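Biologist: I'm new to reading protein models, and I'd like to learn how to do it. Could you walk me through this one, feature by feature?

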Amino acid sequence: MAESPAAGPAPPRQHDTREAVLFGGVYGAVLASSMVAALTQYGRTTAAGRRYDAVWLLVTAFASALAHGYAHYIAERAPHRRWDALRTLRDEWPLVTAVLPTVFLLAGAGWDWWSPNGVQYPVFALNIVILFVLGLITARWSARSWPMAVLMGAGDALLGVFVVVANALIK
């Protein structure tokens with residue numbers, strides 16, 4: 001009687017690239033808006049302050065990506081291969097990528113490419129547009145009609161509007 005090969009442990013769940021882009025993009029855009037709102041509230045309107053904000057936003061994005069990747073890694077509760085932890089962290093690139101436009105706007109204000117005072121408003125607008133586009137693209141990936149995709153994009157953009165409104169109410 002031939003021995004049947006033993007079933008090995010199931011490989012860890014690979015996260016769909018589309019899922020990662022949507023999650024990371026939304027998380028990063030909301031994180032960027034929230035950070036800019038919080039840092040602006042505490043008087044960061046000088047060029048040096050905006051450079052500081054850009055650095056802290058990058059640090060926060062990397063820390064969030066590491067925490068989220070690590071949480072995925074340990075939550076899978078499955079045997080892991082040698083480099084699975086690094087692969088899991090690598091999969092968090094959309095979160096960091098989503099904050100880069102905001103980092104660019106803050107750094108540009110810090111280098112006097114444009115006024116550091118009031119740069120938060122273009123940042124909020126940009127992140128609302130990013131949320132809209134992510135919602136639209138995701139809906140189209142799901143084979144939704146164009147009107148439904150636009151509606152879903154608008155729903156995602158409302159997250160960004162909520163952050164802006166919350167910022168205005170806090171001030």
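Biologist: Let's start with one side chain: is tryptophan 56 buried, partly exposed or exposed?

Modeller: Keep in mind that this is a predicted model. Tryptophan 56 has a relative accessible area of 38%. Partly exposed covers the range between 20% and 50%, so tryptophan 56 counts as partly exposed. You'll find tryptophan 56 in helix α2, residues 47–75.

Biologist: Which residues make a nonpolar surface patch with Trp56?

Modeller: The partners are Tyr52, Val55 and Val59, and the patch comes to about 360 Å².

Biologist: And which residues of α2 are buried?

Modeller: There's a whole list, including Ala47, Gly49, Arg50, Asp53, Ala54, Leu57, Thr60 and Ala61. Here's a handy idea for reading such a list. An α-helix has 3.6 residues a turn, so residues three or four places apart point the same way. Try that on Arg50, Asp53, Ala54 and Leu57, which are among the buried ones.

Biologist: How do I read the length of a helix?

Modeller: Compare its end-to-end reach with what you'd expect at 1.5 Å a residue. α2 has 29 residues and spans 42 Å from first C-alpha to last, close to the expected 42 Å. Helix α1, residues 17–41, has 25 residues and reaches 35 Å, close to the 36 Å expected.

Biologist: Back to charges: how many salt bridges does the structure hold?

Modeller: There's one. The side chains of arginine 50 and aspartate 53 meet at 3.3 Å, N to O. Both residues sit in helix α2, three residues apart, which is about one turn of the helix.

Biologist: Are those two residues buried or exposed?

Modeller: Aspartate 53 has 1% relative accessibility, and arginine 50 has 0%. The cut-off for buried is under 20%, so aspartate 53 counts as buried, and so does arginine 50.

Biologist: What about side chains without a salt bridge? Which residue does the side chain of asparagine 127 make a polar contact with?

Modeller: Asparagine 127 meets the side chain of threonine 102, at 3.0 Å. Threonine 102 belongs to helix α4, residues 93–110, while asparagine 127 belongs to helix α5, residues 120–141. Threonine 102 is buried, at 0% relative accessible area. Asparagine 127 is buried as well, with 0% relative accessibility.

Biologist: While we're in α5, where else does that helix come up?

Modeller: Look at valine 129, which also lies in helix α5. Its relative accessibility is 48%, so valine 129 counts as partly exposed. Now follow the chain onward to alanine 157. Valine 129 and alanine 157 are 28 residues apart along the chain, and their C-alpha atoms are separated by 6.8 Å.

Biologist: How should I describe two aromatic rings that sit together?

Modeller: A pair of aromatic rings is described by the distance of the centres and the angle of the planes. The count here is seven aromatic pairs. One of them joins tryptophan 111 and tryptophan 113: their centres are 5.3 Å apart, and the planes make an angle of 55°, which makes the pair tilted.

Biologist: Which residues do ring pairs link into a cluster?

Modeller: The cluster holds Phe104, Trp111, Trp113 and Trp114. As for cover, tryptophan 113 counts as partly exposed, with 49% relative accessibility.

Biologist: Last topic: backbone angles. Which residue just after α1 takes a positive phi?

Modeller: That's glycine 43, with a phi of about 90°. Just after α2, arginine 77 has a positive phi too, about 45°.

Biologist: Where can I look for a positive phi in the loops?

Modeller: Try aspartate 112, in the loop between α4 and α5. Aspartate 112 isn't a glycine, yet its phi is positive, about 60°. Aspartate 112 is exposed, with a relative accessible area of 57%. Then go to alanine 143, in the loop between α5 and α6. Alanine 143 isn't a glycine either, and its phi is about 65°. With 69% relative accessibility, alanine 143 counts as exposed.

How values were computed: Residues are numbered from 1 along each chain as its sequence is written. This is a predicted model: local features need pLDDT of at least 70, side-chain atom pairs count only at pLDDT 80 or more; totals for chains, interfaces and linings use all residues. Side-chain values use heavy atoms; hydrogens and water are left out. Helices (H or I, at least four residues) and strands (E, at least two) are DSSP runs, numbered from the N terminus. The expected span of a helix is 1.5 Å times one less than its number of residues. Patches are made of residues with over 30% relative accessible area and no salt bridge: like charges are joined within 9 Å, nonpolar side chains (Val, Leu, Ile, Met, Phe, Trp, Tyr) within 5 Å. Accessible areas come from the Shrake-Rupley method with a 1.4 Å probe; for residues, only the protein chains shown count as cover. A salt bridge is a side-chain nitrogen of Lys or Arg within 4 Å of a carboxyl oxygen of Asp or Glu. Buried means under 20% relative accessible area, exposed over 50%, partly exposed in between (1.4 Å probe, protein chains only). Rings of Phe, Tyr and Trp (its six-membered ring) pair if their centres lie within 6.5 Å; planes under 30 degrees apart count as stacked, over 60 as edge-to-face and the rest as tilted. A polar contact is a pair of N or O atoms within 3.5 Å; within protein, one must be able to donate a hydrogen and the other to accept it, and residues adjacent in sequence count only if both atoms are side-chain atoms.
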